[in-house]
Amino acid sequence: MLQAVRYLLGSPGATGFGSKSTAEDVTAACPDLAALTAIITGATSGIGAETARVLAKRGARVVIPARSVKAAEDMRARIRDECPGADVLVLPLDLSSLASVRAFADRFLELGLPLHLLINNAGKFSHGQLALSEDGVEMTFATNYLGHFLLTKLLLGRMAETAAATGVQGRIVNVSSSVHGWFAGDWAEYLDLVTRRKIAYDATQAYAVSKLANVLHTRELAARLQETGANVTVNCVHPGIVRTRLNRDRDGILTDLVFLLLSKLLKTIPQCRESSSVGERRVTRSPRLGSVNPSMRP
């Protein structure tokens, strides 16, 4: 109870930051990130956009992959309006398509750029009927997990090379959710039954499965990175609860009322990004499943 009260009040924890801290607060101690290159998925809106803005403001080279290149270019323009010298690169990427993920990775690697930070932030919550990706995978799982899994796999070598050459530790951040704990059972069997329409489609369960997969991926990758000795860490974070475009399919009077009533308990978009900022220490590597659930605590 005391911990929950401290969280709601925004009291700082061991890191010096609390639930009210913003990405700008967290990165204030490292104002010059010009040596870093970051890829941020889902950076055209919401907390991904705030992450891109703040990192670019601090001098980092920011790569924005996006299904809508126009939306990404608009985001780049907004960043450059605030920071005229910002180094922002836009590349096409549809995370629900494995072919698109491979094409993006090829394009990025061909540029010969270093890679210090990969933030797997993009997310989808389908409120409609079952939809399958072009690869025949349930769309939420394909977008939230499978695309990010392949993206990380394809870019991990460049991250390890960059860390070895520069001495700067590489960081992978998988944005998950405490909702991952809402699913119990065999997730592979569940997806198979849903895909073959043997059981009814439940959007919340599908989202929980995708976020559980993020957690399990983080756990396994952390162990493998330790074994190989690569100077790269992988972190899993629940950034808190905030109204973003993830809920756009349910926009309306009822949704507005719910968010109004809960407004004092929720984070703003800038506050959400303190959780996975390059300067934040609260998000930890997961040595075991039980420690991979960074709940909303200061």
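The chain exposes about 13,900 Å², an area obtained by the Shrake-Rupley method with a 1.4 Å probe, where for residues only the protein chains shown count as cover. Carbon and sulfur atoms supply 54% of this exposed area. The model is predicted, so that local features need pLDDT of at least 70 and side-chain atom pairs count only at pLDDT 80 or more, while totals for chains, interfaces and linings use all residues. Residues are numbered from 1 along each chain as its sequence is written, and side-chain values use heavy atoms, with hydrogens and water left out.

Of the 298 residues in the chain, 49% are buried (under 20% relative accessible area, against over 50% for exposed and partly exposed in between, with a 1.4 Å probe and protein chains only). The chain has 10 helices and six strands; these are DSSP runs numbered from the N terminus, with helices being H or I of at least four residues and strands E of at least two. Among contacts (heavy atoms within 4.5 Å) with a separation of 6 or more, 75% are between residues 24 or more positions apart.

Strand β6 (residues 232–237) is mostly covered, as six of its six residues are buried. In a regular strand the side chains alternate between the two faces of the sheet. In β6, V232, V234 and C236 point one way, whereas T233, N235 and V237 point the other way. Strand β5 (residues 170–175) pairs with β6 in the parallel sense over six bridges, pairing being assigned if DSSP finds at least two bridges between two strands. Within this pair, I172 stands opposite V234 in β6.

The second largest pocket contains about 250 Å³ of space. On a 1 Å grid over the protein atoms alone, a pocket is an open set of points with protein on both sides within 12 Å along at least five of seven lines, and lining residues have an atom within 4 Å of a point. Grid points are joined across faces, edges and corners, and the volume is the space filled by probe spheres set on the points; the probe is 1.4 Å. Helices α6 (139–166) and α8 (203–228) each supply at least two lining residues, and α8 gives the most, with six. Among the lining residues are F149, K153, H217 and R224.

The loop between α7 (187–195) and α8 contains R197. Most residues other than glycine have a negative phi. The phi of R197, however, is positive, near 60°. R197 counts as exposed because its relative accessibility is 57%.
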